[in-house]
Amino acid sequence: MKYLSTRGDDRPRGFCDILLEGLAPDGGLYLPARYPRVDEATLSRWRALPYAELAFEILSLYIDDIPAVDLQRLTRETYSAAVFGTGAITPLKKLEDGLYLQALSNGPTLAFKDMAMQLLGRLFEYELARRGEELNILGATSGDTGSAAEYAMRGKKGVRVFMLSPYGRMSAFQQAQMFSLQDANIHNLAIEGVFDDCQDIVKALGSDLDFKRRHRLGTVNSINWARLLAQVVYYFAGYFQATRSNDERVSFAVPSGNFGNICAGHVARMMGLPIAQLVLATNENDVLDEFFRTGRYRVRGSAQTFETSSPSMDISKASNFERFVFDLLQRDGARTAALFGPLLAHDGGFTLGGAEFARVAGYGFVSGRSTHADRVATIRDSWQRLGVMIDPHTADGLKVAREHLQADVPMLVLETALPAKFADTIREALGREPERPAALQGLEDLPRRFKVLPADAEEVKRYIEAHCS
Ligand SMILES: *Cc1c(COP(=O)(O)O)cnc(C)c1O
């Protein structure tokens, strides 16, 4: 399988060529040259497979530059009960007839990002060893992504993580989760500032090309193709659990921010998985809901980006959305470049009209939005009526899922985090503390390892220079 850029650069690259990269040189995102189609006989064979073997089969269709025995070892190590707490890896929980939760949050950081990041950590270690190279991952986080990256890379050879977070501004649980890591290759840099300051520092260091090259800086952001590919697997796993035969269809409801999770659903559907609807749920930051209702994609500034109680969906633009639009425009790279290139930053958006927008329905997408009041009501209803405690992001998904139920089509709501991570909203909705997995009791009492630095790119540079070899 070869990979090309959504902005037209089609010099063929293999999976391992793009594994450690971010954007393509032309500013686009990488996609496979085509989506392999999965036929009925293959679906039937896959239905019986344990998760790790299913992952190996799907990944093999997209990765031909890692020997099969190695890829199989990596998927078996990743998708194990030891990492995800259950042999089913992403078990379904029935809510009501025809309505299920698919648990994606049983990894080490209790959010679905572990599903991809745990594989990425092992892929990075493998590929860096093969090349005899090292990589220093630099990132900024306000919570989920940073902790998933750290838990994926901890103890991995050839990789160091320098993660910037706003000092004192993450939730108590998130701080405890990140700062309690004692691994020598993980560096928590608590910046005296807000999240935007952290992000500005990461950008400043990333655009200092000399510094970047000398210190082998890289990232693990949500546009990485390997992350997206890993997420394709659980759509198949959910489908097989909810159906008995391959002539049945299911729908997925996906709490969305950067469009990474639901884009994996789009890929699964393009491969031939019988998905009726891909239900996109946003919170008050409804950039994507607006597009799927109207055809208008209107990027927001920071003043119009709200801080909500489902914070991992607080985005002003959706970094993976370009991948879907590229497919929607029948893979016209020049057109995609025109829509997403410098003009987007300048104009703040675009509108697809007429025939182009009409095609969206053919890809199965529908959407809706959820507010804080919806979230709280949905958490309360699920707990009181169904005895299931859900987190605020999953609540957004469930709220919108109910608006798109179809007779005889099971609806799978992707559970993207566990309630333990968002105690404030759970207290508000239920008047009690969230449930917490036994392994994480006493997390706040563990010793912490982090370095406080001023919001100054030069200071961060000096720290990295002193610790990156
Ligand atoms: C990252 C995240 C999301 C949004 O996923 P995208 O891939 O960015 O659309 C939703 N819920 C939780 C809990 C997350 O961590």
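A polar contact is a pair of N or O atoms within 3.5 Å. In this predicted model, one such pair joins a polar side-chain atom of Thr416 to a nitrogen atom of the ligand, at 2.9 Å. Taken alone, the ligand exposes 380 Å², of which the protein buries 96%. Backbone atoms also take part: an N or O atom of the Asn258 backbone lies 2.7 Å from an oxygen atom of the ligand, and a polar backbone atom of Phe259 is 3.1 Å from a ligand oxygen atom. The ligand is surrounded by 15 residues, of which Lys113, Asp144, Gly257, Asn258 and Asn261 come nearest. This shell comprises five nonpolar, eight polar and two charged residues.

The strands β8, β5, β6, β7 and β15 form, in that order, an open sheet with parallel pairing. Strands β8 (217–218) and β15 (451–454) occupy the edges and have a single partner strand each, so one side of each is left without a neighbour in the sheet. Within the sheet, β5 (residues 135–140) pairs with β6 in the parallel sense over six bridges; Leu135 stands opposite Val159 of β6.

Two strands of this sheet, β6 (159–166) and β7 (186–192), are included in the cover over the buried residues of helix α8, as is helix α7 (144–153). Helix α8 spans residues 172–179, and seven of its eight residues are buried, so the helix is largely enclosed by the rest of the structure. The buried residues are Phe173, Gln174, Gln175, Ala176, Gln177, Met178 and Phe179.

Note on methods:
Residues are numbered from 1 along each chain as its sequence is written. This is a predicted model: local features need pLDDT of at least 70, side-chain atom pairs count only at pLDDT 80 or more; totals for chains, interfaces and linings use all residues. Side-chain values use heavy atoms; hydrogens and water are left out. Buried means under 20% relative accessible area, exposed over 50%, partly exposed in between (1.4 Å probe, protein chains only). Helices (H or I, at least four residues) and strands (E, at least two) are DSSP runs, numbered from the N terminus. Contact means heavy atoms within 4.5 Å. A residue is near a molecule or strand if one of its heavy atoms lies within 4 Å of it. A polar contact is a pair of N or O atoms within 3.5 Å; within protein, one must be able to donate a hydrogen and the other to accept it, and residues adjacent in sequence count only if both atoms are side-chain atoms. Accessible areas come from the Shrake-Rupley method with a 1.4 Å probe; for residues, only the protein chains shown count as cover. Ala, Val, Leu, Ile, Met, Phe, Trp, Tyr, Cys and Pro count as nonpolar, Asp, Glu, Lys and Arg as charged, and the others, Gly among them, as polar. Two strands pair if DSSP finds at least two bridges between them.
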